[in-house]
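Here is a short tour of a single protein chain, written to be read with the model open beside you. Take a moment to turn it around before reading on.

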Amino acid sequence: MPRHYKPLLARYKQPDPVYNSAVIAKLINSLMSDGKKTRAQQIFYNAMDIISEQIKDIKPEDVLNKALDNSRPTLKTKSRRVGGATYQVPVEVPFNKSLSYAIKWIIEIARKKKGRPMAIKLADELLAAYKGEGDAVKKKEDTHKMAESNRAFAHLSY
């Protein structure tokens, strides 16, 4: 099999049982640690309950989708070695990969906060990203700034 084999069809991912969404299932799987999926589901659904209590007029899954859109990067930099120098080349990020980055950043930032239950930390980070604030949105803006500042090397892309 060649190294760069791409399957014709992506594998079907089972949606989550409550909201029937593949994105939420992906977030729960990313939240899971040590194979404890029911614990990850508990944390996520508690966070969604907290969000629905704080924002009453909007569905919590809409808040989640907006938060992921606000923290999803469209550009990033990749290292490219040309001659003896290494350049940071700006590259567009595919939709699925950028969604993975957004999920990873939100969970990572929520885990770094100390002193409160994970459901509350996750809800706070999702609400901050929904409002366009928070560390996940800041991380997205930093990656975009890095890509913009290295736009001169775009001609070196693959």
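The report below goes from the whole chain to two of its helices, and then to a few single residues.

## The chain as a whole

Please keep in mind that this is a predicted model. Its secondary structure comprises 6 helices and 2 strands, and from the N terminus these elements follow one another as α-α-α-β-β-α-α-α. The C-alpha trace extends over about 55 × 40 × 30 Å along its principal axes.

Of the 158 residues, 35% count as buried. Among contacts with a separation of 6 or more, 62% are between residues 24 or more positions apart. The accessible surface amounts to about 10,400 Å², and carbon and sulfur atoms supply 52% of that. There are 30 positive and 17 negative charges, and the mean positions of the two sets lie 10 Å apart.

## Helix H5, a mostly covered helix

Helix H5 covers residues 118-130, and its 13 residues should span 18 Å at 1.5 Å a residue; the end C-alpha atoms are indeed 18 Å apart, so the two values agree. H5 is mostly covered, with 11 of its 13 residues buried. The buried set includes Leu122, Leu126 and Ala129, and also Lys121 and Glu125. The cover over these buried residues includes helices H1 (22-31), H2 (37-54), H3, H4 (95-112) and H6 (134-149). After H5 comes glycine 132, with a positive phi near 85°.

Leucine 122 is a good residue to centre your view on, and it sits in helix H5. Its relative accessible area is 0%, which means that leucine 122 is buried. Leaving out residues up to four places away in sequence, leucine 122 touches Leu31, Phe44, Ala47, Ile106 and Ala110. Leucine 122 and isoleucine 43 are 79 residues apart in sequence, yet their C-alpha atoms are 8.3 Å apart in space.

## Helix H4 and its partners

H4 has 18 residues, and the distance from its first C-alpha to its last is 26 Å, close to the 26 Å expected at 1.5 Å a residue. Its buried residues include Tyr101, Trp105, Ile106, Ile109 and Ala110. The buried residues of H4 pack against H1, H3, H5 and H6, and also against strand E1 (75-82). Two of the names in this helix should be familiar: Ile106 and Ala110 are among the residues touched by leucine 122.

## Asparagine 70 at the end of H3

Helix H3 runs over residues 60-70 and contains asparagine 70. Is asparagine 70 buried or exposed? Its relative accessibility is 19%, so asparagine 70 counts as buried; the cut-off for buried is under 20%.

A polar atom of the asparagine 70 side chain lies 3.1 Å from the backbone oxygen of tyrosine 130. Beyond its neighbours within four places in sequence, asparagine 70 is in contact with Ala129, Tyr130, Gly132, Val137 and Lys140. Of these, Ala129 and Tyr130 are also on the list of buried H5 residues.

## Two positive phi values outside glycine

Asparagine 20 is not a glycine, yet its phi is positive, at about 55°. This residue is found in the segment before H1, and asparagine 20 is exposed because its relative accessible area is 58%.

Aspartate 34 is also a residue other than glycine with a positive phi, here near 60°. Aspartate 34 belongs to the loop between H1 and H2. With a relative accessibility of 74%, aspartate 34 counts as exposed.

Terms used. Residues are numbered from 1 along each chain as its sequence is written. This is a predicted model: local features need pLDDT of at least 70, side-chain atom pairs count only at pLDDT 80 or more; totals for chains, interfaces and linings use all residues. Side-chain values use heavy atoms; hydrogens and water are left out. Helices (H or I, at least four residues) and strands (E, at least two) are DSSP runs, numbered from the N terminus. Buried means under 20% relative accessible area, exposed over 50%, partly exposed in between (1.4 Å probe, protein chains only). A polar contact is a pair of N or O atoms within 3.5 Å; within protein, one must be able to donate a hydrogen and the other to accept it, and residues adjacent in sequence count only if both atoms are side-chain atoms. Contact means heavy atoms within 4.5 Å. Accessible areas come from the Shrake-Rupley method with a 1.4 Å probe; for residues, only the protein chains shown count as cover. Lys and Arg count as positive and Asp and Glu as negative; His and the chain ends are not counted. The place of a charge is taken as NZ of Lys, CZ of Arg, CG of Asp or CD of Glu. The expected span of a helix is 1.5 Å times one less than its number of residues.
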